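Here are some short exercises to work through with the model open on your screen. Try each task before you read its solution.

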Amino acid sequence: MKYSLQALEAEVNREARATTINILKGVVFATPVDTGRARGNWQVSVSNPINSQTNINDKSGGSTINKGVKKTLAAKKSKYPVFWVVNNLPYIEELNRGTSTQAPAKFVEAVIKRVENAS
């Protein structure tokens, strides 16, 4: 099957957006919850990572996901977007090492692997 450059660019964009959204949903829901601050600090950016924290407590994760999906979908016209899903809380690494009984160690890596395998 022959693809035009425009069709290829559109497909790459679609896949990048879908992968980003799936990773975002996965890490938000896998993040242990106490106050909801760790869940509320997952952020999506395009081209460059975000280096700031938010003061949002989002126990359900819904608001965080909605915000990230909106940011991801806004890049629909980008040819080859590079998305960043980041959490800049100082203790997110500790949570990912398994310090909470609510989530296994390396839950972030597990989400990424699951999304990769589903593609």
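**Exercise 1: a strand pair**

Find the residue of β2 that is the bridge partner of Val46.

*Solution.* This is a predicted model, so start by locating Val46 and looking across to β2: its bridge partner there is Phe83. Next, follow the two strands along their length; β1 and β2 run antiparallel and are joined by five bridges. Finally, check how covered β1 is: four of its five residues are buried, where buried means under 20% relative accessible area.

**Exercise 2: the span of a helix**

Compare the reach of α1 with the expected value.

*Solution.* Begin with the extent of the helix: α1 covers residues 5-30, which makes 26 residues. From first C-alpha to last, α1 reaches 37 Å, close to the 38 Å expected at 1.5 Å a residue.

**Exercise 3: what α1 packs against**

List the elements that the buried residues of α1 pack against.

*Solution.* First pick out the buried residues of α1, among them Glu9, Ala16, Ile21 and Leu24. Then look at their surroundings: they pack against α2, β1, α3, β2 and α5.

**Exercise 4: two helices crossing**

Describe how α1 and α5 cross, and which residues make the contact.

*Solution.* Take the geometry to begin with: the two axes come within 9 Å and cross at roughly 145°, and the crossing of α1 and α5 is right-handed. Now the residues: α1 contributes Thr19, Asn22, Ile23, Gly26, Val27 and Ala30, while α5 contributes Phe107, Val108, Val111, Ile112, Arg114 and Val115. Sorted by class, this contact has eight nonpolar, three polar and one charged residues.

Definitions and conventions:
Residues numbered from 1 in each chain as written. Predicted model: local features only at pLDDT ≥ 70, side-chain atom pairs only at ≥ 80, totals over all residues. Heavy atoms only, no water. Expected span 1.5 Å × (residues − 1). Buried < 20%, exposed > 50% of the residue type's maximum accessible area, 1.4 Å probe, protein only. Contact = heavy atoms within 4.5 Å. Pairing = 2+ DSSP bridges. Axes fitted to C-alpha atoms, helices over the stretch in contact; angles between N-to-C directions. Left-handed = near helix turned anticlockwise from the far one by under 90°. Nonpolar A, V, L, I, M, F, W, Y, C, P; charged D, E, K, R; others polar.
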